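User: I would like a close look at one part of this model. Please keep it brisk and stay with the coordinates.

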Amino acid sequence: MTAGPGQRSDAGAAEPLLAVKGLTIDLPGGARQRGLVEDVTFEVRKGQAVALIGESGCGKSLTSMAILGLLPAAVRVAAGSIHFDGVDLLTCNRKQLRKVRGGPVGMVFQEPMSSLNPTMTVGDQIAEVRRLHLGERRSVALKEASKLLSRVGIPNADRRLGSYPHEMSGGMQQRVMIAAAIACDPKLLIADEPTTALDVTIQAEILELLRDLRRDLDLAVLLVTHDLGVVADFCDDVVVMYAGHIAERTPVDRLFYEPQHPYSSALLAAVPQAGRARTSLTVIPGRVPSAGHFPGGCRFEPRCAHSVEDVCRRPQADTAIADDRRTRCGRVASGDLILKGTVRG
Amino acid sequence: MSAGMVIRRLGGGLLVLWLVSILTFLLVQLIPGDVAEVIAGENATVAEVSRIRIELGLDKPILEQYSSWFVGILQGDLGDSLFTNRSVADTIIEAAPPTVIITLMAIVVAVVIGVTAGIVAGLTQGSWIDRSVSALATLGIAMPSFWLAMVLVSVFALANPWLPATGYVDIREGFGEWLSYVILPSTALGLATAAELARHTRGCVADVLTRPYVRTARARGASGVWLVRRHILRNAAIPVVTVLGLQAGRLLGGVIVVEAVFGISGLGSLAINSVLQRNYPMIQGYVLFSAVIVVAINLIVDLAYGWINPKVRTA
């Protein structure tokens, strides 16, 4: 198990590139739908790769959308702050936010086919970013777009500029998305499940590309995923989310050795192990509660194998257990519960 | 759009026209009563009727009749009017300009008003603008064009003498003059289509706004006019253009009523009189001419569709 490039060398001292504090996202209208995301706090430092991980519906995508103010119209941020490079993106004006979007923060989405404009050539979609942010003329921006296409590994870049998204494979489309996202040399790339919609072999290629870009551009990455393998491969820190809460925040290697939240350890146990024949698949009993039906205490309590009624039915606090580790499990925080990882240390 | 595709569409259009020619030809055969008797008049003798029948070739086998008629229309010969001895083609070409121009102007009115209102409504969903557009659109669709025409005449021509109430002048008599005669009829004809287009455009814009690629564009820093023009309108236009093509045929039918209200002697009055007089060659000519226009408009719409939608272009 390696922790990937860009080790936590500049940890601590420097101000983080991205600091999300107490982020709470509501669906207004009725108390029942409160807290789709509640009290989410994490940081991404310069050049660091952080994973936001969790099952579908745990609020990880909402969290990533909130950073650039791209939440659907129906939901809104109710509390918290999102500082990027010292500026609170939640309170800055529209113009400032527009400069950040596509400029110092690039974003890549899950389904490249539907996330690219079907009526615009890929060249124009990449060039658009430079035209918007650097005021380049179309011809100049298209030349840059061609370089970017080569940079993300698309052959015959000059010819490909005039292609439309539907003329490309899914992997190519995702490369185009990445080219557009890095067009203005961002410091942070937010990647919302960038490989989920792709074939396994293509997934590996895209991850490889992201890894190269991180190294060459000193790019920080916030990777939203539900794939633990991707996390282990690619990230420095991991933020485990469950039902709108952060369950655990930890350096990625520690997660596999000694998870600090029963949900993390259950997730680890649910990863099928290659090479072991005829073992039955471990699953987490029950399902993620839907928004508005979250339990009042620990949100994982109804599905937790380690639940102790009088402790776990009370709301749990996000507690630091080491410099770089936090958990929302009261039993773990108090030393009452010690969980075992899946990786034999 | 590839050349092959243009040829395919063109071929499709010609096939439709050929089928229309068969139906038009059969029209005369199927209608009760005998053309020769109509021409001969009420007091004609049997000998006179049969002489006319031979003159018109009605005694020949039906296939032979059709082929000689079809060869004729290929050469632009639609026969002669039964009553004036003028050629049908000449009569139609003479009557066509006001009808065609009012129809085209109605399309312009519909696109300008309908698409603009639809875009604004779609972009401001839930606002008072959006609600007023929806309400007006429902009203516009529900209102019959002859009634709308009369309201327009009474407001803009009778109560306030701004525009002429009836008639038509050729554009060669001055653009301003021509425009003053065209505005009211084309508005009366086009508003219902404008309402239809407004509703469709609103829906399409609202739909496109929810698409992931609009979110992507926002994530790149696009906003305002840039976002609307490059990412929303072109995608929203694809279904709207289809609706416009379907509406074209409706407009050509609706123009007959509007012509009647405004006292314009165009194809509409020609068609009505021909039907009342059982002037069969004229009816056939009118039907064929209308079919050519509808097919031509749809061909243009198809080509525009391919230009807007790159997926069709390469298909």
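How many bridges join β11(A) to strand β12 of chain A, and do they run parallel or antiparallel? Please set that pair in its surroundings.

Analyst: Three bridges join β11(A) to β12(A), residues 325-327, and the two strands run antiparallel. This is a predicted model. One residue pair shows the register: Ala320(A) faces Arg326(A) of β12(A).

Now the sheet around that pair. It is open and has eight strands. The order in chain A is β6-β7-β8-β3-β9-β10-β12-β11. The pairing is mixed. β11(A), residues 319-322, stands at one edge, and β6(A), residues 105-108, stands at the other. Each has a single partner strand, so one side of each is left without a neighbour in the sheet. From one strand to the next, the twist averages 20°.

The β6 edge carries a helix. α7(A), residues 170-181, lies across β6(A) and β7(A), the latter spanning 188-192. The helix runs at about 170° to β6(A).

Other strands of chain A pair as well. Take β1(A), residues 18-26. Seven bridges link β1(A) to β4(A), residues 76-84, in antiparallel fashion. Within that pairing, Val20(A) has Ile82(A) as its bridge partner. β1(A) also pairs with β2(A), residues 37-44, through five bridges, again antiparallel. There, Leu23(A) is matched with Val40(A) in β2(A).

A loop residue touches this region. Leu71(A) sits in the loop between α1(A), residues 60-67, and β4(A). Is Leu71(A) buried, exposed or partly exposed? It has 19 other C-beta atoms within 10 Å, and burial needs 20 or more. Leu71(A) is therefore partly exposed. Setting aside residues up to four places away in sequence, Leu71(A) touches Ile25(A), Leu62(A), Met65(A), Ala66(A) and Arg76(A). Leu71(A) and Ser61(A) are ten residues apart in sequence, and their C-alpha atoms are 9.4 Å apart.

Step back to the whole chain. Chain A holds 13 helices and twelve strands. Its radius of gyration is 21 Å, close to the 20 Å that the globule rule gives for 345 residues, so chain A is as compact as a globular protein of that length. The C-alpha trace spans about 65 × 50 × 40 Å along its principal axes. Of the 345 residues, 45% count as buried. Take the contacts in chain A with a separation of 6 or more: residues 24 or more positions apart account for 66% of them.

Chain A also has a partner. 21 residues of chain B are in contact with 25 residues of chain A. On the chain B side, the elements giving two or more residues are α9 (212-219), α10 (224-262) and α13 (310-314). α9(B) gives the largest share, seven residues. By character, that side of chain B divides into seven nonpolar, seven polar and seven charged residues.

One record entry concerns chain B. An unreviewed UniProt entry annotates residues 96-305 of chain B as "domain: ABC transmembrane type-1". In the model, that span is 84% helix and 0% strand. Its end C-alpha atoms lie 27 Å apart.

Back to the part you asked about. β11(A) is an edge strand with a single partner. That pairing with β12(A) is antiparallel and has three bridges.

Methods. Residues are numbered from 1 along each chain as its sequence is written. Chains are lettered from A and ligands numbered from 1 in the order in which they are written. This is a predicted model: local features need pLDDT of at least 70, side-chain atom pairs count only at pLDDT 80 or more; totals for chains, interfaces and linings use all residues. UniProt positions are given in the numbering used here, feature names are shortened, and annotations may be inferred rather than shown by experiment. Helices (H or I, at least four residues) and strands (E, at least two) are DSSP runs, numbered from the N terminus. The radius of gyration is taken over C-alpha atoms; the globule rule is 2.2 Å times the number of residues to the power 0.38. A residue is buried if 20 or more other C-beta atoms lie within 10 Å of its own, exposed if 12 or fewer, and partly exposed in between; C-beta atoms are placed from the backbone. Two residues are in contact if their C-beta atoms, placed from the backbone, lie within 7 Å. Ala, Val, Leu, Ile, Met, Phe, Trp, Tyr, Cys and Pro count as nonpolar, Asp, Glu, Lys and Arg as charged, and the others, Gly among them, as polar. Two strands pair if DSSP finds at least two bridges between them. Axes are lines fitted to C-alpha atoms, for helices over the stretch in contact, and angles run from 0 to 180 degrees between N-to-C directions.
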